[in-house]
Amino acid sequence: MVYRYQDELQVAVRAAQEAGHLIKDKISCHTVTESKSCVSDLVTEVDRQAEEIILQAISSHFPAHSIVGEEQQGDRPLVPADILTWYVDPLDGTTNFVFGLQFCCVSIALAHQGVPVLGVIHDPFRQETYTAVRGGGAKLNGRPFTVDKSVSCMEHSLLVTGYPGNIKKRPRLYQVNLKRVIDSCSNLRALGSAALELAYVACGRLTGFWEVSLRPWDVAAGMVLVEEAGGQVSNLAGQSLYLDEYVDIVASNGLIHQEFLDCLAWKDEGDEG
Ligand code: IPD
Ligand code: CA
Ligand code: CA
C-alpha cells in the first residue's frame, strides 16, 4: 500500500538528520545562551541555526505550505487556517543541551487542519530516527514498532512527565494529582525532552507521558508516532487532542489510559489522598 506524504517524509527526515549533525557537533561548544519568556526558558545559537536548516529545506520543497517554527513564530497564528502546516522544534530539550545532557532531539511534524499527519523525531546522540505517517504505522530507523502492550495497569507502568520552561506556567503542574500518580505507578521520570519522551512511549520504552502547557511543536510529531504505534493520545479530560497555542497532553500505550487519566484527575482540597 502506498501512503500519502512520502515526499514530505523524505524531506523532513533529511532535514532532521542534517540539523541533528549540528546539534551533536555543538553540544559541548555552543557559544550563546539567551532567555526567552523567562530566565529558565533558554535558546542558543544552535536552536536558531538548526531551525534555519529545516525551514530552508521545507520551504524550498513545499513553498505553498505554512511553517510554524519555534524560534521564528513572529505574529503569525500558531494554528493557521491553511490546510497543511509544518510544526518545527529544531532542538527539543534545550536545557539538557545547554547542560551537556545528551537527551534532546529534532522534531518535525506536518498537520492537516490542526491534526498531525506526519511526524519525524531524530535523536542525534543515538542515531535514532522515529517516523510515522497517519495510517502507515510507526518506524524506528525504518523498522516498524509498537507501544508496549505487556503493561496493562498503572502499577506496572513507567511514566514520564516534564516541567514547563516558562515559570509562569508552572503552577499548572499542580492541577493534576501528582501524589496519586506517583503512588499508583511503578516509577516516574522527567527526562527533559517532551518530543523524545513521546517517541519513547511510542516505541515501548516508557508506558505513559503527560505534561501541561506544552506548545504545538513539542507534541505534534510525537502524537502521530504514539497513535501509529497503537497507543492513545488525549487531553487531560480524555478527549481528542487538537493542536492549539498551548496543549495539555496525556499519551500512553492505550491499555493504562483510563486509569492514568483517573489518577491525574484533579481532586478538591477536601478530598483525602
Ligand atoms: C521543552 C522540552 C521539555 C518540556 C518543556 C519544553 P524546548 O522544549 O520539551 O521537556 O518540559 O515544557 O518547553 O524549550 O527544549 O524546546
Ligand atoms: Ca520543545
Ligand atoms: Ca526547542
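**Close-up 1. Two calcium ions share a residue.** Donors here are N, O and S atoms within 3.2 Å of Ca; water is not among the atoms, so sites may look incomplete. With that in hand, take a look at this predicted model: the calcium ion (ligand 3) sits 3.7 Å from the calcium ion (ligand 2), and Asp-89 coordinates both.

**Close-up 2. What holds the calcium ion (ligand 3)?** Glu-70 (OE), Asp-89 (OD) and Leu-91 (O) do the job, at 2.2 to 2.5 Å. If you're tracing these donors along the chain, their spacing reads E-x18-D-x1-L. Asp-89 has 0% relative accessibility, so it counts as buried. Leu-91, at 2%, counts as buried too.

**Close-up 3. The largest nonpolar core, with 42 residues.** Ile-121, Tyr-130, Phe-145, Leu-225 and Ile-249 have the most contacts inside this core. At least two core residues come from each of the strands β5 (105-112), β7 (128-133), β8 (138-140), β12 (208-214) and β14 (247-252), and likewise from each of the helices α5 (194-202) and α6 (216-228). Why does this core lie between domain 1 (6-145) and domain 2 (154-264)? Because both domains give residues to it.

**Close-up 4. Zooming in on Ile-121 and its contacts.** Leaving aside residues up to four places away in sequence, Ile-121 touches Cys-105, Val-106 and Ser-107, then Glu-128, Thr-129 and Tyr-130. Further along the chain, its contacts are Ala-195, Leu-196, Ala-199, Ala-221, Gly-222 and Leu-225.

**Close-up 5. Another core, apart from the largest one.** This one has 33 residues, and Ala-15, Ala-57, Val-117 and Phe-125 are among them. In soluble globular proteins, nonpolar side chains tend to be buried together.

Methods
Residues are numbered from 1 along each chain as its sequence is written. Chains are lettered from A and ligands numbered from 1 in the order in which they are written. This is a predicted model: local features need pLDDT of at least 70, side-chain atom pairs count only at pLDDT 80 or more; totals for chains, interfaces and linings use all residues. Side-chain values use heavy atoms; hydrogens and water are left out. A nonpolar core is a set of buried Ala, Val, Leu, Ile, Met, Phe, Trp, Tyr and Cys residues joined through side-chain atoms within 4.5 Å. Buried means under 20% relative accessible area, exposed over 50%, partly exposed in between (1.4 Å probe, protein chains only). Helices (H or I, at least four residues) and strands (E, at least two) are DSSP runs, numbered from the N terminus. Domain bounds come from an automatic or database domain assignment. Contact means heavy atoms within 4.5 Å. Donors are N, O and S atoms within 2.8 Å of the metal (3.2 Å for Na, K and Ca); water is not among the atoms, so sites may look incomplete.
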